[in-house]
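Okay, everyone, thanks for coming. Let me put today's protein up on the screen, and then I'll walk you through it.

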Amino acid sequence: MSCRTMNVRCYFLLMMTLNHALQCNDIFVNETARSVETTRVLNKVRHVFRSSGKQFIVHQRIRPNPNEASLTTAEIIAGRGYPVEIHSVTTSDGYILELHRIPYGKGQKMASTASRRPIFLQHGILTTDNVWLINQNGLGFVLADAGYDVWMGNARGNTYSRRHVKLDPSKEEYWNFSFDEMGNYDIPAVINFVLAKTGSQKMSYIGHSMGCTMFFICMSLHPELNEKIDVMIALAPAVSMAESTAPLAVYQAPFAEQIKFVFDLIGVRAYEPVDTFWNNLRKQYCGPNLFLRYSLCRNTIFSSSDDEYHAFDLNILPIIDGHNPAGTSVKTAVHYAQNYMTGQTFQRYDFGHRENLLRYGQTTPPTYDLSKVTCNVFIFWGQRDKVSAPKDIAWLANKLGNLKASIMIEDPLWNHLSFLFSSDAKRLVYDKLIPLLPLPTS
């Protein structure tokens, strides 16, 4: 390894440590983690949109509303003229997750919801369910208008799901989880909740990045739940990370255990929550300036994936800043790092030889059995994705128990976050995945 490479990595490690040290006092002050009442949501949104909404129609195209940067997911939904419900789900290990529901589309009738098919959307790492809504043609709205009963989840530890029946989020014990627990506990809880609430026998599932990770873990550890899923759509699934060239993998993964040790030492419990010093600075001063967005003002979700703003409306960048990154546990980032360093595999968290033996009955972590994912799966992937690289997608496709198709996005510049924020997402992805779903009404 060259001296230059070592210097770059050591500098990166030092900057990451100092950056998180500055964040320690800011981790738990975000007030949007609590539930909101629908009446308060509607009143606040009507005021915001009444006072400034007219200025957002530009050249027959709806321009993003910058006020959405400070609105909650429920307020964004209501502000766009859609019905919204807020639900809480408690997992078997006590974490309280917040779900947001769009039961029907704009201008549609409430009476028809009983016969609508439920579809569940799960975001990826460091984000919340607002990523399905920030675009003017966000997938959550597209599906609701197509006639589906749309449910959107929030992974434990993010802005909306930072609660527990006993544990305090300001304490280390709360953050003792990775995406293993998200798949093992969160996804079974929300699947059973949505089906019980709607009275349906089955639901569809769409995940992005870690949202796919969680699903595949769930079906591997709880294969009986395959019967409750009619179709799963995997957008840029993050499973094997061996071929990833994203900075999060290349520069942090080799030092993941050392970084975790330093974070434990200085008391950092949450990884990249939205309300840190640097994130607040960016939200206040950066705006949609492209030069700043590629330098000082690059949001963590873009710098960690090294994604370009390909086919983006740059006016959504301040709105993205208002909500993301939304936090996760340090252990979640370490788990991805472990998978990257291990090569093409998909394995459980590595606690070290001694604890692995106690937990798993073997000195190395077992792999998730992807052949147990027997529901219908469709993969959509991008050629320029540095997180979920094409070779890793091909590896995953060969492991799944019932893959129906692996679909490459036609745009050769399509990257990891294009699925969420590209202005072409509806044309290139959403309009093509909807025909793969069951009809919206039973």
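I'll start with the overall picture, then go to the cysteines, and finish with the core and one helix.

Quick housekeeping: this is a predicted model, so local features need pLDDT of at least 70 and side-chain atom pairs count only at pLDDT 80 or more, while totals for chains, interfaces and linings use all residues. Residues are numbered from 1 along each chain as its sequence is written, and side-chain values use heavy atoms, with hydrogens and water left out.

Right, the overall picture. The protein chain has 17 helices and 13 strands; those are DSSP runs, H or I of at least four residues for helices and E of at least two for strands, numbered from the N terminus. Of the 442 residues, 56% are buried, where buried means under 20% relative accessible area with a 1.4 Å probe, protein chains only. Now contacts, meaning heavy atoms within 4.5 Å: take the ones between residues at least 6 apart in sequence, and 76% of them join residues at least 24 apart.

On to the cysteines. How many disulfides does the count come to? It comes to 1, taking a disulfide as a pair of cysteine sulfur atoms within 2.5 Å. The partners are Cys 286 and Cys 297, with 1.8 Å from S to S. The link is left-handed, at -70° about the S-S bond. Cys 286 sits in the loop between α9 (277-285) and α10 (290-293), and Cys 297 in the loop between α10 and α11 (300-303), so the bond ties together parts 11 residues apart in sequence. Both of these cysteines are buried.

Why is Cys 218 not bonded to Cys 375? Because the two sulfurs are 9.4 Å apart, which is too far for a bond, and Cys 375 has the closest cysteine sulfur to Cys 218. Cys 218 is buried at 0% relative accessible area, and Cys 375 is buried as well, at 4%.

Now the core. The largest nonpolar core has 118 residues, and Phe 216 is one of those touching the most other members, along with Ile 206, Met 232, Phe 421 and Val 429. By core I mean buried Ala, Val, Leu, Ile, Met, Phe, Trp, Tyr and Cys residues joined through side-chain atoms within 4.5 Å. Leaving out residues up to four places away in sequence, Phe 216 touches, among others, Met 232, Phe 346, Val 377 and Leu 396.

That Leu 396 takes us to helix α15 (residues 390-399), where the buried residues also include Trp 395 and Ile 393. Covering them are, among others, α6 (210-221), β12 (377-381) and β13 (403-408).

Terms used:
Buried < 20%, exposed > 50% of the residue type's maximum accessible area, 1.4 Å probe, protein only.
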